[in-house]
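Subject: Structure handover and notes

Dear colleague,

I am passing the structure below on to you, together with my notes on what was found in it. Please read the notes with the coordinates open beside them.

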Amino acid sequence: MMADHEPTVLKMPSTAANPANLDPADRILWIDPAEIEVRKRVGFYFPDKAVALGRLIASVGQRDPIKVMKNDKNRLQPWRLVVGRHRLEGVRLEELRQIQAIEVFGDQAAIRDMEASENLHRRPLAPIERAMFVHALCEAARDRFASEHG
């Protein structure tokens, strides 16, 4: 674990392939998985999916960074997971020392929107799980509308 909690930063060159549609100025962080707190999530956690993703990341590398935000309330875990629980848990299960992450910013509604949106559009979902993510998107939109229009 890094003592000063400063992640290694990888700058993406402007000519690099950009599968995540990132602005080249965005930073990819390499973070110790133990330094990421996982709070209550929208949706279900599937341990077998985490195992499979962990093995895939260990063998061919990580292709899709997780999303994190600063976590000022926990010095041992200075990052808070926003998107990518199965990838994070897979990396932890494989005992890998670092995971790629992108730092994101936003209020609670924006964070819920990010999580729900990514999961809603990533894979086919069971009806109950789809309903959970649609509900989270609706709550985030309602909160955003209320804050913008009173």
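Helices and strands here are DSSP runs, a helix (H or I) having at least four residues and a strand (E) at least two, and both are numbered from the N terminus. Read along the sequence in those terms, the protein follows the pattern β-β-β-α-β-β-α-β-α-α, with four helices and six strands. Please keep in mind throughout that this is a predicted model. Of the 150 residues in the protein, buried residues make up 37%.

The packing of two helices

The axes of helix H1, which covers residues 47–60, and of helix H2, which covers residues 85–93, come within 7 Å and cross at roughly 65°. Since angles of 65 to 115 degrees count as roughly perpendicular, H1 and H2 are therefore roughly perpendicular to each other, and their crossing is right-handed. The buried residues of H2 are His86, Arg87, Leu88, Glu89, Gly90 and Val91, a list that includes the charged residues Arg87 and Glu89.

On the side of H1, Ala58 lies in that helix and is partly exposed, with a relative accessible area of 41%. The C-alpha atom of Ala58 is separated by 7.0 Å from that of Glu94, although the two residues are 36 residues apart along the chain.

What follows H2

H2 is followed by Glu95, which lies in the loop between H2 and strand S6 (99–103). The phi of Glu95 is near 55°, a positive value in a residue other than glycine, and you may wish to look at this backbone angle yourself. Is Glu95 buried or exposed? Its relative accessibility is 69%, and because exposed means over 50%, Glu95 counts as exposed.

The loop between S4 and S5

Two residues of the loop between strand S4 (66–70) and strand S5 have partners that are distant in sequence, and Gln77 is one of them. Gln77 and Ile36 are 41 residues apart in sequence, yet they are 5.1 Å apart in space, C-alpha to C-alpha. Asn71 has its place in that loop as well, and Asn71 and Glu37 are 34 residues apart in sequence and 8.0 Å apart in space, again from C-alpha to C-alpha. As for accessibility, Asn71 is buried, with a relative accessible area of 6%, whereas Gln77, at 21%, counts as partly exposed, because the cut-off for buried is under 20%.

The second largest pocket

The second largest pocket has a volume of about 280 Å³. Which residues are the closest to its centre? Of the 15 residues that line this pocket, they are Lys40, Arg41, Val42, Arg112 and Glu115. Strand S5 (79–83), helix H3 (108–122) and helix H4 (127–149) each supply at least two residues of the lining, and Arg112 and Glu115 fall within the range of H3. By residue type, the lining divides into six nonpolar, two polar and seven charged residues, a division that may be worth having at hand when you assign protonation states or partial charges.

A contact of helix H4

Helix H4, which contributes to that lining, also holds Arg130, a residue that is partly exposed, with a relative accessible area of 43%. The C-alpha atoms of Arg130 and Gly43 are separated by 8.4 Å, while the two residues lie 87 residues apart along the chain.

With kind regards

Technical notes:
Residues are numbered from 1 along each chain as its sequence is written. This is a predicted model: local features need pLDDT of at least 70, side-chain atom pairs count only at pLDDT 80 or more; totals for chains, interfaces and linings use all residues. Side-chain values use heavy atoms; hydrogens and water are left out. On a 1 Å grid over the protein atoms alone, a cavity is a set of points where a 1.4 Å probe fits but cannot get out, and a pocket is an open set with protein on both sides within 12 Å along at least five of seven lines; lining residues have an atom within 4 Å of a point. Grid points are joined across faces, edges and corners, and a volume is the space filled by probe spheres set on the points. Buried means under 20% relative accessible area, exposed over 50%, partly exposed in between (1.4 Å probe, protein chains only). Axes are lines fitted to C-alpha atoms, for helices over the stretch in contact, and angles run from 0 to 180 degrees between N-to-C directions. Angles under 35 degrees count as roughly parallel, over 145 as roughly antiparallel, 65 to 115 as roughly perpendicular and the rest as oblique. A crossing is left-handed if the near helix is turned anticlockwise from the far one by less than a right angle, and right-handed if clockwise.
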